[in-house]
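Welcome! Have a look at the sequence and the model below, and then we will walk through one part of the fold together.

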Amino acid sequence: MNNIKVEELEKIKNELESKYEKIEKKLLKMNSKMSFEEISNLEKKQDLIDEQIDLIDRIILYINDIPNLYKKILDNKEKLDNM
């Protein structure tokens, strides 16, 4: 768990955002020439990409907070032990 690198997550996020944008452009450009199924599949793909981006954002948020939360737990434990 300590091996999580924010830089790698940011890189993955950027790649996903790029894929999302490409799909969006394709949908806007080709919408009238695509079947409902093709459009639906692209939208599902976008939804999955969006979900991954959200998860990465949450991981990055918490990975930065975890050391502080852990320290707080230890500080509280020490206070409790000394009471």
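Is L9 buried or exposed? L9 is buried, because its relative accessible area is 12%, and buried means under 20% relative accessible area, exposed over 50% and partly exposed in between, with a 1.4 Å probe and protein chains only.

Before we go on, a word on what you are looking at. This is a predicted model, in which local features need pLDDT of at least 70 and side-chain atom pairs count only at pLDDT 80 or more, while totals for chains, interfaces and linings use all residues. Residues are numbered from 1 along each chain as its sequence is written, and side-chain values use heavy atoms, with hydrogens and water left out.

**The helix and its partner**

L9 has its place in helix α1. Helices here are DSSP runs of H or I with at least four residues, strands are runs of E with at least two, and both are numbered from the N terminus. Helix α1 covers residues 6-30, which is 25 residues. The expected span of a helix is 1.5 Å times one less than its number of residues. For α1 that gives 36 Å, and its end C-alpha atoms are 36 Å apart, so the two values agree.

Which residues of α1 are buried? They are L9, K13, L16, I23 and L27. An α-helix has 3.6 residues a turn, so residues three or four places apart point the same way.

What covers these buried residues includes α2 (36-81). The axes of α1 and α2 come within 9 Å and cross at roughly 160°; axes are lines fitted to C-alpha atoms, for helices over the stretch in contact, and angles run from 0 to 180 degrees between N-to-C directions. Therefore α1 is roughly antiparallel to α2. Angles over 145 degrees count as roughly antiparallel, under 35 as roughly parallel, 65 to 115 as roughly perpendicular and the rest as oblique.

The residues of the contact between α1 and α2 divide into 15 nonpolar, three polar and ten charged. Ala, Val, Leu, Ile, Met, Phe, Trp, Tyr, Cys and Pro count as nonpolar, Asp, Glu, Lys and Arg as charged, and the others, Gly among them, as polar.

**Five residues of α1**

Here is how some residues of α1 fare.

| Residue | Relative accessible area | Class |
|---|---|---|
| L9 | 12% | buried |
| K13 | 16% | buried |
| I23 | 8% | buried |
| Y20 | 25% | partly exposed |
| E8 | 43% | partly exposed |

Now let us see what some of them touch. Contact means heavy atoms within 4.5 Å, and neighbours within four places in sequence are left aside for each residue below.

L9 is in contact with I4, I56, I59 and I60. In contrast to those contacts, L9 and N82 are 40 Å apart in space, C-alpha to C-alpha, and 73 residues apart in sequence.

K13 is in contact with I53, I56 and D57.

Further along α1, Y20 is in contact with Q46, I49 and D50. Y20 and N76 are 56 residues apart in sequence, and their C-alpha atoms are 44 Å apart.

I23 is in contact with L42, K45, Q46 and I49. How far apart are the C-alpha atoms of I23 and K45? They are separated by 8.4 Å, although the two residues are 22 residues apart along the chain.

Finally, E8 also has its place in α1. The C-alpha atoms of E8 and I59 are separated by 12 Å, with their positions 51 residues apart along the chain counted as the spacing.
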